[in-house]
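Q: Please take a close look at one loop position in this model and follow its surroundings outward. A formal, connected account would be most useful.

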Amino acid sequence: MTFSVTILGSNSAIPTLHRNPSAHLLNVNERIFLIDCAEGTQLQLRKYRIHFQRIRHIMISHLHGDHYFGLIGLLTTLHLLGRKDELHLYAPAGLEEIIQLQLNVSVTTLVYPLIFHPLVSGGLELVFEDERVTVHSFPLLHSIPTYGFIFREKIKVRKVEQKRSYAYCSDTAYDERIIPYISRVDLLYHETTFMQDKAAAAADKMHSTTTQAATIALKSHVKKLLIGHYSARYDDLLPLLEETRKIFPETILGEDGYTIHV
């Protein structure tokens, strides 16, 4: 049974020719979740042959543009394609007003139900559950309200007590308060905007370094760490991977188009 993450965008705020800003696609036993939706995400979906209509749930971590500027384009494309199924959007409360304004000024009434679920910052919160998966949100430490997400499988895999899990920590400063939430997950995504020599810049912008992400992974006893959200200053990503692996060897370099099977 499938439990996989496809990286649609691995860069931070500024896209490059080879890296788009943040977006991940998660498949949990054919439950399809889009996590963040930066500019260019729907083109990435087409490039990697992912069917738009299979997406039923979109999670937006926060309202910095490199995490949601592609959303209105995707929503209206689904409208033009004649979507009928409900689409559930989980995001900070302000996004509902933004989307409605964009629809209003273009005199667009979506032909499918768009159901908005505002996130709250009271700790670990259950935001979705069905017979196959649970999804919880939790607060991250950033310059505006920001949320991480944890996806946990409910179905036993191959007749053993293995229930896979994935935690997504988008923009965040180093914050050990998230450790109880993400403890022992199979795959942790944690941003690594900067290498450790830029720790002062990371702190100023409330982002994390390679060393800080690796330390969180180590202290959380996760099985594997996936890194991303790279500053556009880095053309070569290998030094970021090497620096992270010095502390947490089981680190994967996240790059656009790469799929990780958990």
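**A loop glycine and its surroundings**

A: G123 lies in the loop that links strand 6 (114-118) to strand 7 (125-129). The model is predicted. With a relative accessibility of 9%, G123 counts as buried, because the cut-off for that class is under 20%. Setting aside residues up to four places away in sequence, G123 touches S137, F138, P139 and Y181.

From this loop one may turn to I216, which is 93 residues from G123 in sequence and 18 Å from G123 in space, C-alpha to C-alpha. I216 is one of the buried residues of helix 6, a helix that is mostly covered, with 9 of its 11 residues buried. The buried set comprises T210, T211, Q212, A213, A214, T215, I216, A217 and S220. These residues pack against helix 4 (179-182), strand 11 (187-191), strand 12 (224-228) and helix 7. Just beyond helix 6, H221 adopts a positive phi of about 55 degrees.

The packing of helix 6 on helix 7 can be described further. Helix 6 (residues 210-220) and helix 7 (residues 238-245) meet at an angle of about 40 degrees, and their axes are 8 Å apart. Helix 6 is therefore oblique to helix 7, and the crossing of the two is right-handed. On the helix 6 side, T210, T211 and A214 make the contact, while L240, E243 and T244 do so from helix 7. By class, the residues of this contact are 2 nonpolar, 3 polar and 1 charged.

The nonpolar cores complete the account. The largest has 27 residues, of which I58, I60, L71 and L95 touch the most other members. At least two residues of this core come from each of strand 2 (23-28), strand 3 (31-35), strand 4 (55-59), helix 2 (71-80), strand 5 (87-91) and helix 3 (94-105). Helix 2 supplies the largest share, 5 residues. L95, when its neighbours within four places in sequence are left aside, is in contact with I60, L63, Y68, L71, L89 and F116. A second, separate core has 26 residues, including I216, I227, Y234 and L241. I216 thus belongs both to the buried residues of helix 6 and to this second core.

Terms used: Residues numbered from 1 in each chain as written. Predicted model: local features only at pLDDT ≥ 70, side-chain atom pairs only at ≥ 80, totals over all residues. Heavy atoms only, no water. Axes fitted to C-alpha atoms, helices over the stretch in contact; angles between N-to-C directions. Helix = DSSP H or I, 4+ residues; strand = E, 2+ residues; numbered from the N terminus. Parallel < 35°, antiparallel > 145°, perpendicular 65-115°, else oblique. Left-handed = near helix turned anticlockwise from the far one by under 90°. Contact = heavy atoms within 4.5 Å. Nonpolar A, V, L, I, M, F, W, Y, C, P; charged D, E, K, R; others polar. Core = buried A, V, L, I, M, F, W, Y, C linked by side-chain atoms within 4.5 Å. Buried < 20%, exposed > 50% of the residue type's maximum accessible area, 1.4 Å probe, protein only.
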